[in-house]
There are 2 protein chains.
Amino acid sequence: MKNKNDRLQTIRQVVIECKIGSQEELLKELLHRGYTVTQATLSRDLKRLKITKTLDNTGEYRYRLTDLSFISEKSENNAKALGANSLEFSGPLAVMKTRSGYAGAIAAEIDQHAGEAVLGTIAGDDTILIIPREGFSRVEITNILSNLIENLS
Amino acid sequence: MKNKNDRLQTIRQVVIECKIGSQEELLKELLHRGYTVTQATLSRDLKRLKITKTLDNTGEYRYRLTDLSFISEKSENNAKALGANSLEFSGPLAVMKTRSGYAGAIAAEIDQHAGEAVLGTIAGDDTILIIPREGFSRVEITNILSNLIENLS
DNA sequence: ATAACGATTGCAAGTTTATACAAAAATGAA
DNA sequence: TTCATTTTTGTATAAACTTGCAATCGTTAT
């Protein structure tokens, strides 16, 4: 529990779980978990992790992840086992083809794990329509989905 | 071009169009467009607009809108009454999220009552894709749907 | 082992952002 | 209008964040 990667992982976790409003707060939370660092390091860590200070609905500042690909790094992920055949874009939309009958299951995984990058999905039998949130590029969507599902190019 | 609302609107525009990396930069850009304000005011404006400093793909800081939907809180609340959780737009399309299993029922209501503003809907389990007719703005669609959902409950 | 090189970190200084407070402007009621 | 009340803004300052630099830590090659 002392190397950089562990610390980064812990920061992610803390930011997701706690309402962190400043780097000082985060620093205390980390200290509490056995990591001794300076605020300067946290500034750099947060930059690496693309965690930024945002505004929640109550108008208060709160640190949040901007890059959602972290989700796929979470220990176990069913979607990876499920596989998918292709992913293509048309205008703002993405269409994923899956093995016959698998669309529903994979769509459910996407809904659950793709986070705010995806507004929603609609699944047929072997086709999933994915509606990305505005502001997310094709590359970003592809990255998020491909992290989620192994077999994508 | 001198009141607060105009300024806020302009700030939004500038942030979307230019790569703004600090409030000082934004200040200059606004000055350039005829608004004389101090950094303190900008800090407050950005808070109101929920525009925050984020990280772009190149790892540089950039101000961005946090709230990607322009949905009024009213319609969001109305939607919630029925079991719909949110309504957001992506390009010409609208996506409504509902409680699990409710999408079909709500989509049917929309088809039946939304009139000419909506070409059609496609429902998954908890997601409805709504295709507006060309020429209808997001605000119009939002109003129509929120009225509709209000009447349903 | 040790030299060389890259990565990581703390320190301190610099930059940027948030806010307390008071003044000014807008709003409203009588 | 005039007074009271709320909203908006600037000033000044505090708080929060970023970064250059040098020291340290880790690797790898010799």
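**Figure 1. Polar contacts between chain A and chain B.** In this predicted model, 4 residue pairs are in polar contact between chain A and chain B, with both partners at pLDDT 80 or more. If you are looking for salt bridges across the interface of chain A and chain B, the rule finds 0. On the side of chain A that touches chain B, the residues divide into 12 nonpolar, 7 polar and 8 charged.

**Figure 2. The extent of the interface between chain A and chain B.** Here 27 residues of chain A are in contact with 29 residues of chain B. The two chains bury about 2,200 Å² between them, and carbon and sulfur atoms give 61% of that area. Three residues are worth picking out: Leu55(A), Leu119(A) and Glu134(A). Together they supply 28% of the area that chain A buries against chain B, more than any other three residues.

**Figure 3. Elements of chain A that face chain B.** Four elements of chain A give two or more residues to the side that touches chain B: α3 (39-49), β1 (51-55), β5 (118-123) and β6 (127-132). Of these, β1(A) gives the most, with 5 residues.

**Figure 4. The protein surface near DNA strand C.** Around DNA strand C there are 19 residues. Those that come nearest are Arg7(A), Thr41(A) and Arg44(A) from chain A, along with Gln23(B) and Tyr63(B) from chain B. Of the atoms of DNA strand C that come within 4 Å of the protein, sugar and phosphate account for 63%. Sorted by class, this surface has 5 nonpolar, 7 polar and 7 charged residues.

**Figure 5. Side chains of chain A at the phosphates of DNA strand C.** Take a look at Arg7(A), one of the nearest residues to the strand: a polar atom of its side chain lies 2.5 Å from a phosphate oxygen of DNA strand C. For Lys4(A), an N or O atom of the side chain is 2.9 Å from a phosphate oxygen of this strand. Tyr61(A) has a side-chain N or O atom 3.2 Å from a phosphate oxygen of DNA strand C. Two or more residues of the surface near DNA strand C come from each of α1 (4-17) and α3 of chain A and α3 (39-49) of chain B. The largest share, 5 residues, comes from α3(B).

**Figure 6. The protein surface near DNA strand D.** DNA strand D is surrounded by 19 residues. The closest are Gln23(A), Gln39(A), Ser43(A) and Tyr63(A) from chain A, plus Thr41(B) from chain B. Sugar and phosphate make up 62% of the atoms of DNA strand D that come within 4 Å of the protein. The residues of this surface divide into 5 nonpolar, 7 polar and 7 charged.

**Figure 7. Side chains of both chains at the phosphates of DNA strand D.** Thr41(B), listed among the closest residues, has a side-chain N or O atom 2.3 Å from a phosphate oxygen of DNA strand D. Also in chain B, a polar side-chain atom of Thr38(B) lies 3.0 Å from a phosphate oxygen of the strand. From chain A, Ser43(A) places a polar side-chain atom 2.7 Å from a phosphate oxygen of DNA strand D. The elements that each supply at least two residues of the surface near DNA strand D are α3 of chain A, together with α1 (4-17) and α3 of chain B. With 5 residues, α3(A) provides the largest share.

Methods
Residues are numbered from 1 along each chain as its sequence is written. Chains are lettered from A and ligands numbered from 1 in the order in which they are written. This is a predicted model: local features need pLDDT of at least 70, side-chain atom pairs count only at pLDDT 80 or more; totals for chains, interfaces and linings use all residues. Side-chain values use heavy atoms; hydrogens and water are left out. Contact means heavy atoms within 4.5 Å. Buried area is the accessible area (1.4 Å probe) that two parts lose on being put together, summed over both. A salt bridge is a side-chain nitrogen of Lys or Arg within 4 Å of a carboxyl oxygen of Asp or Glu. A polar contact is a pair of N or O atoms within 3.5 Å; within protein, one must be able to donate a hydrogen and the other to accept it, and residues adjacent in sequence count only if both atoms are side-chain atoms. Ala, Val, Leu, Ile, Met, Phe, Trp, Tyr, Cys and Pro count as nonpolar, Asp, Glu, Lys and Arg as charged, and the others, Gly among them, as polar. A residue is near a molecule or strand if one of its heavy atoms lies within 4 Å of it.
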